Amino acid sequence: MIFTSVVLAALAANSVAAIPQICTRQSGGQFVPKPGYFPATGDDTIAGGIFCISLSDLGTYLARVGNNPGATGSESPRSGQATSGSGPYPAQAFTDPKLGKHTIFAPKTPPPANVTMPILAWGNGGCATDPTSHKNLLIEIASHGYVIAADGIAGGKTGASQSMVSDMKASLDWATSGGAAKYGSVNTSAIATMGHSCGGLEAMSSAYHDERVKRIIMFNIGIFQDEKRYLLQEIKVPVAWFIGGPKDMGYPNVEKDYKLLNAGLPAYKASLDTGHGGTFAATNGGKQGKAAVAYLQWQFRNDQASKAILLDPKAPGSLVSDKWTVEYKNWEGY
Ligand SMILES: *[C@@H]1O[C@H](CO)[C@@H](O)[C@H](O)[C@H]1NC(C)=O
Ligand SMILES: *[C@@H]1O[C@H](CO)[C@@H](O)[C@H](O)[C@H]1NC(C)=O
């Protein structure tokens, strides 16, 4: 089952304690939170960076809160067929020798030159080094005119067990040094980091103290440990969370994170009863695909119909009409 494997991958985020890069506090200098202490970068010795959690801590945490990370909600389908996306620019996965440990999702042929494409860096559930379980979502987004550099390659043989902040940074370096230009006109000022579960925390860790990143988009995840939440003070760009209802281990954490963002910072939070695994593997990423595209089209193309889908419950095809529970703040002027 794809859903189960997504969840297992999410948990595998920290299940490889024997591998040196997933360090323990004792041996590896893992980031240790301390109010007022802000490390220079979001890197850490654990996958997912400073906002993430180690396996032993995750186990302790889940036991304490009683969350079953494999629980599913009422939303279906959770799987579906592969397409080239529903957008105007049929998309596919590419391998790119200049970014060999990643997969590029982009239109099959470059859109007209007047269509400038934002750049997205993507992290997988479990910080897996294989984006296959998210490819329906990523192809869908790319088909609307986006270039996505996703961590990992099909089959996962990148030589690493999990992605790190350094992998997402490699995507940003690649794009900002011209690597994405062969896929069409790109806008290297329109960059978001995004990801699922461990990959979502990697997205936030990668955006931390990196001014290239203009938006953070997190699926089914928030900061686990209360003692790390003070780091949100250093998040200076709008954050969007798409989460999976009360059964999702991200849910209670995002409730806290949303409230703790700096005053005035725009934020968007939408929850759908999927559980932690989401609808990524449904055709075109299912309702998550639709929500992600609407958010990106609003943020990077100022598309007003997309904005209405997100903010106006009465708009045709609104997220609320799709059964998302929506909360947002500080978007005046956007
Ligand atoms: C690009 O140019 C075409 C042809 O002139 C036009 O129809 C289209 O609306 C333009 N798209 C954008 C995003 O400006
Ligand atoms: C590039 O992105 C920036 C930031 O989103 C935006 O202000 C600018 O208008 C974009 N440029 C083009 C040509 O789309």
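By class, the shell of residues around ligand 2 in this predicted model comprises two nonpolar, three polar and one charged residues. Its members are Thr116, Asn187, Ser189, Ala190, Lys214 and Phe300. Strand S5, which spans residues 186-196, supplies the largest share of this shell, namely three residues.

From the ligand, the description turns to the nonpolar interior. The largest nonpolar core holds 86 residues, and within this core Val147, Ile148, Ile216 and Tyr295 touch the most other members. Helix H8 (residues 286-301) contributes the largest share of the core, with eight residues. The surroundings of valine 147 can be followed in detail. When neighbours within four places in sequence are left aside, valine 147 is in contact with Ile104, Ala106, Met117, Ile119, Ala180, Tyr183 and Val186.

Alanine 121 offers a second point of entry. This residue is found in strand S3, which covers residues 117-123. Is alanine 121 buried or exposed? Alanine 121 has 29 other C-beta atoms within 10 Å, and a residue counts as buried at 20 or more, so alanine 121 is buried. Not counting residues up to four places away in sequence, alanine 121 touches Ala149, Met168, Ser171, Leu172, Thr193 and Ser206. Glutamine 81, by comparison, lies 40 residues from alanine 121 in sequence and 24 Å from it in space, C-alpha to C-alpha.

Two of the residues touched by alanine 121, Met168 and Ser206, also take part in a contact between helices. Helix H5 (residues 165-176) packs against helix H6 (residues 198-207) at an angle of about 65°, and the two axes are 9 Å apart. The crossing of H5 past H6 is right-handed. On the H5 side, the contact is made by Val165, Met168 and Lys169, while H6 provides Glu202, Ala203, Ser205 and Ser206. Sorted by class, the residues of this contact are three nonpolar, two polar and two charged.

How many residues of H6 are buried? H6 is mostly covered, with ten of its ten residues buried. These buried residues are Cys198, Gly199, Gly200, Leu201, Glu202, Ala203, Met204, Ser205, Ser206 and Ala207. Glu202, Ala203, Ser205 and Ser206, which form the H6 side of the contact with H5, are among the buried residues. Just after H6, the backbone at histidine 209 adopts a positive phi of about 60°.

Technical notes
Residues are numbered from 1 along each chain as its sequence is written. Chains are lettered from A and ligands numbered from 1 in the order in which they are written. This is a predicted model: local features need pLDDT of at least 70, side-chain atom pairs count only at pLDDT 80 or more; totals for chains, interfaces and linings use all residues. Axes are lines fitted to C-alpha atoms, for helices over the stretch in contact, and angles run from 0 to 180 degrees between N-to-C directions. Helices (H or I, at least four residues) and strands (E, at least two) are DSSP runs, numbered from the N terminus. A crossing is left-handed if the near helix is turned anticlockwise from the far one by less than a right angle, and right-handed if clockwise. Two residues are in contact if their C-beta atoms, placed from the backbone, lie within 7 Å. Ala, Val, Leu, Ile, Met, Phe, Trp, Tyr, Cys and Pro count as nonpolar, Asp, Glu, Lys and Arg as charged, and the others, Gly among them, as polar. A nonpolar core is a set of buried Ala, Val, Leu, Ile, Met, Phe, Trp, Tyr and Cys residues joined through C-beta atoms within 7 Å. A residue is buried if 20 or more other C-beta atoms lie within 10 Å of its own, exposed if 12 or fewer, and partly exposed in between; C-beta atoms are placed from the backbone. A residue is near a molecule or strand if its C-beta atom, placed from the backbone, lies within 6 Å of it.
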